[in-house]
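Visitor: I would like to go through this model with you, one question at a time. Please give each criterion when you first rely on it.

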Amino acid sequence: MLTRNCLSLLLWVLFDGGLLTPLQPQPQQTLATEPRENVIHLPRQQSHFHRVKRGWVWNQFFVLEEYMGSEPQYVGKLHSDLDKGEGTVKYTLSGDGAGTVFTIDETTGDIHAIRSLDREEKPFYTLRAQAVDIETRKPLEPESEFIIKVQDINDNEPKFLDGPYIANVPEMSPVGAYVLQVKATDADDPTYGNSARVVYSILQGQPYFSIDPKTGVIRTALPNMDREVKEQYQVLIQAKDMGGQLGGLAGTTIVNITLTDVNDNPPRFPKSIFHLKVPESSPVGSAIGRIRAVDPDFGQNAEIEYNIVPGDGGNLFDIVTDEDTQEGVIKLKKPLDFETKKAYTFKVEASNVHLDHRFHSAGPFKDTATVKISVLDVDEPPVFSKPLYTMEVYEDTPVGTIIGAVTAQDLDVGSSAVRYLIDWKSDGDSYFTIDATEGTIATNELLDRESTAQYNFSIIASKVSNPLLTSRVNILINVLDVNEFPPEISVPYETAVCENAKPGQNSPVNIVSAADRDLSPAGQQFSFKLSPEAAIKPNFTVRDFRNNTAGIETRRNGYSRRQQELYFLPVVIEDSSYPVQSSTNTMTIRVCRCDSDGTILSCNVEAIFLPVGLSTGALIAILLCIVILLAIVVLYVALRRQKKKDTLMTSKEDIRDNVIHYDDEGGGEEDTQAFDIGALRNPKVIEDNKIRRDIKPDSLCLPRQRPPVEDNTDIRDFINQRLQENDGDPTAPPYDSLATYAYEGNGSVADSLSSIESPTTEADQEYSYLTDWGPRFKVLADMFGEEESYNPDKVT
């Protein structure tokens, strides 16, 4: 170090001629590959351009980190050309770490580091130096700033901040397939030396994987790595600085690599033949056995689909895949019968659902196995020859007649005898019996089709060797009809005939039909005719239409309700079944009054109005008396009204004005006798012409309809509205009549026209506003326009 300082001083003397000039130290060139340049910028005191003397000698600009010596580490030296070595100059140091990290000799200017430094903690320090006079304490030169850099050493190993790593790679991947990239970080200075240049290598995991030394990319190193052989791999990765050279620091991490599954294995049956045993009583749809093919793959690559190869027995069975266990579940599609067939053989094929085209060349991804099913014999109940028995019996069949039989057999090996019985819980147990051995069914009671037309019950068959094994079959017995009921006339039983009917004319209700309580066969025909006693002198006859209906026709001209109101017509109806049944039905025919078109107007009116025992003459006399009494009452009332009117007009003793009211238009003063002008009118014209007599209306007016009046309608509008209604109303009184309008408008300025409970007298009233109400109120305005003073003491 002393030699380097001397060399620097010599260069300073050669180039600057003794002037104070900072030198560019070179000792770091032996440690770093790139040159470092440090320049101290001194303040310029002159404004003109000339060469400026350098006031500092800079001997060293770097300090090594992690210094472990016993003495303080020498950093450099400061010196001024004003310092003659007489001890009159004092050097000071300030800035980062001054006094705590770095110290300076005030006399010589030597700088030392008093503690060990860490570049990773602080890479450089900025300091300021100054030379002052010891006596005057004045600066001899301007303060200058310089930097001390901490020179890096390889004291940090590479670290994997993201480790340990987890990676996946598909099995059977080719060599060089990408797996993962790892990265290590070195805290040393990457710009200085090789302290931070990292090289990657594999310490554990070869020969399966490789790693790129510079990038840290891990790739597969072996082909055809099989997950089914080994699935998990643990790889140890090392990162070493100094470019991997000897003496470099190293760090490690673990990478856990898993081979993911691909469908590279087909399913395989562990054996070629599967034996299953199935009872013949197994229900349809039940699972009778399971088989399984093994696939070493995983997940969806191991999903298997099973199919039955068409062949012997394949149509009786079906196979589905259990999603959880990937087993093939064999199910029964049709019933089994040991007595018919005791064994079935078929093949089952297992194949992968999801295929990988890369492995098609390895062969088909499916396998086949044989399934043999043995049917086990089960002691079964007897079997009826039919699933349903239908029988027929006539309703008049004698008791004990056999109407049919059922048959059941035991189909098991060593068949047993069968016993029959009727299910006594059904409704038909008391009407029929069955032979327990033969199975014949006979009647037990007389049957009636009109009561019960069909019987439905069950018969149970059991084995003698095992009575608990039973089977059941339904019996349907239809009761056949026997023609035992005669036909009857259906409604209506009553019809009508007009008084003015002519011979051969149908009655208004002329259609007669029949009904038979027997079950009429197809094509049943009913015939209609009069009974023999009614055919001697018939008033009516029956016409058969040959379509199971008939009509009632008249046989004479005209009928009278007074002579005979009701006619009873016996009609004989026969059916066409064997034996032939007939009945006589009575039709009621009522005589009615009809119009000229034959429409019925009334029937049996006398029965409504005539009391029992009164004749027509008596009824006429009673009605005449009633009319006379009504005429007397009307005449009496008319006379009373005329007398009252004459009294009112001729009275001279009443001092009050007599107001005579009449409904016709008067002649003014000339009409003093109240002449009734209505006597000159034609009564027919009065009924037809109902418009006003004193005006000619423009158009026919509708009846007066008063629209609703609002609560706050002004009195003027109200009166005008009423005037317009009377002017346009043809039924209103004439103009010279008195029309009153009993309405006082709400909010009227005139208040109430009544003096009852008036708070003021007439003298207090103000009537000047009457002039504003229009010409119709001019008389009132003149009467109350002038004020009159009232003096009770004044004598007139």
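Visitor: In what order do the three strands of the open sheet stand, the one with antiparallel pairing?
Guide: This is a predicted model in which local features need pLDDT of at least 70 and side-chain atom pairs count only at pLDDT 80 or more, while totals for chains, interfaces and linings use all residues. Residues are numbered from 1 along each chain as its sequence is written, and side-chain values use heavy atoms, with hydrogens and water left out. Strands are DSSP runs of E of at least two residues and helices are runs of H or I of at least four, numbered from the N terminus, and two strands pair if DSSP finds at least two bridges between them. On that basis the open sheet of three strands is antiparallel in its pairing, and its order is S2-S5-S4.

Visitor: Which strands stand at the edges of this sheet?
Guide: An edge strand here has a single partner strand, so one of its sides is left without a neighbour in the sheet. That applies to two strands, S2 (73-77) and S4 (102-104).

Visitor: Which residue of S5 stands opposite Lys-77?
Guide: S2 and S5 (residues 110-113) run antiparallel and are joined by four bridges. In S5, the residue opposite Lys-77 is Asp-110.

Visitor: How many residues apart in sequence are the parts that the disulfide of Cys-498 and Cys-594 ties together?
Guide: A disulfide is taken as a pair of cysteine sulfur atoms within 2.5 Å, and the search of the whole structure finds two of them. Cys-498 and Cys-594 form one, with S to S at 2.0 Å, and its -85 degrees about the S-S bond make the link left-handed. Because Cys-498 lies in strand S32 (residues 494-498) and Cys-594 in strand S38 (residues 582-594), the separation of the joined parts is 96 residues.

Visitor: What is the handedness of the disulfide between Cys-592 and Cys-603?
Guide: Cys-592 and Cys-603 are joined with S to S at 1.7 Å. The torsion about their S-S bond is about 110 degrees, so this disulfide is right-handed.

Visitor: Is Cys-603 buried, partly exposed or exposed?
Guide: Buried means under 20% relative accessible area, exposed over 50%, and partly exposed in between, with a 1.4 Å probe and protein chains only. Its partner Cys-592 has 0% relative accessibility and therefore counts as buried. Cys-603 has 29% relative accessibility, so its class is partly exposed.

Visitor: What is the pairing when the bonded cysteines of the chain are numbered in sequence order?
Guide: The two disulfides join Cys-498 to Cys-594 and Cys-592 to Cys-603. Numbered in sequence order, the bonded cysteines have the pairing 1-3, 2-4.

Visitor: Which residue forms a salt bridge with Lys-90?
Guide: A salt bridge requires a side-chain nitrogen of Lys or Arg within 4 Å of a carboxyl oxygen of Asp or Glu, and by this rule the count comes to 19. For Lys-90, the closest N and O atoms of its salt bridge are 3.9 Å apart, and the partner is Glu-106.

Visitor: How far apart are N and O in the salt bridge of Arg-290 and Glu-327?
Guide: Arg-290 is partly exposed, with a relative accessible area of 45%, and it forms a salt bridge with Asp-322 whose closest N and O atoms are 3.0 Å apart. The side chain of Arg-290 also meets that of Glu-327 in a salt bridge, where the N to O distance is 2.9 Å.

Visitor: What is omega for the cis peptide bond from Gly-163 to Pro-164?
Guide: Pro-164 is placed in the loop between strand S7 (144-151) and strand S8 (165-170). The peptide bond leading to it from Gly-163 is cis, with omega near -5 degrees.

Visitor: What is the phi of Arg-137, which is not a glycine?
Guide: Arg-137 sits in the loop between strand S6 (124-133) and S7, and with a relative accessible area of 54% it is exposed. Although this residue is not a glycine, its phi is positive, at about 65 degrees.
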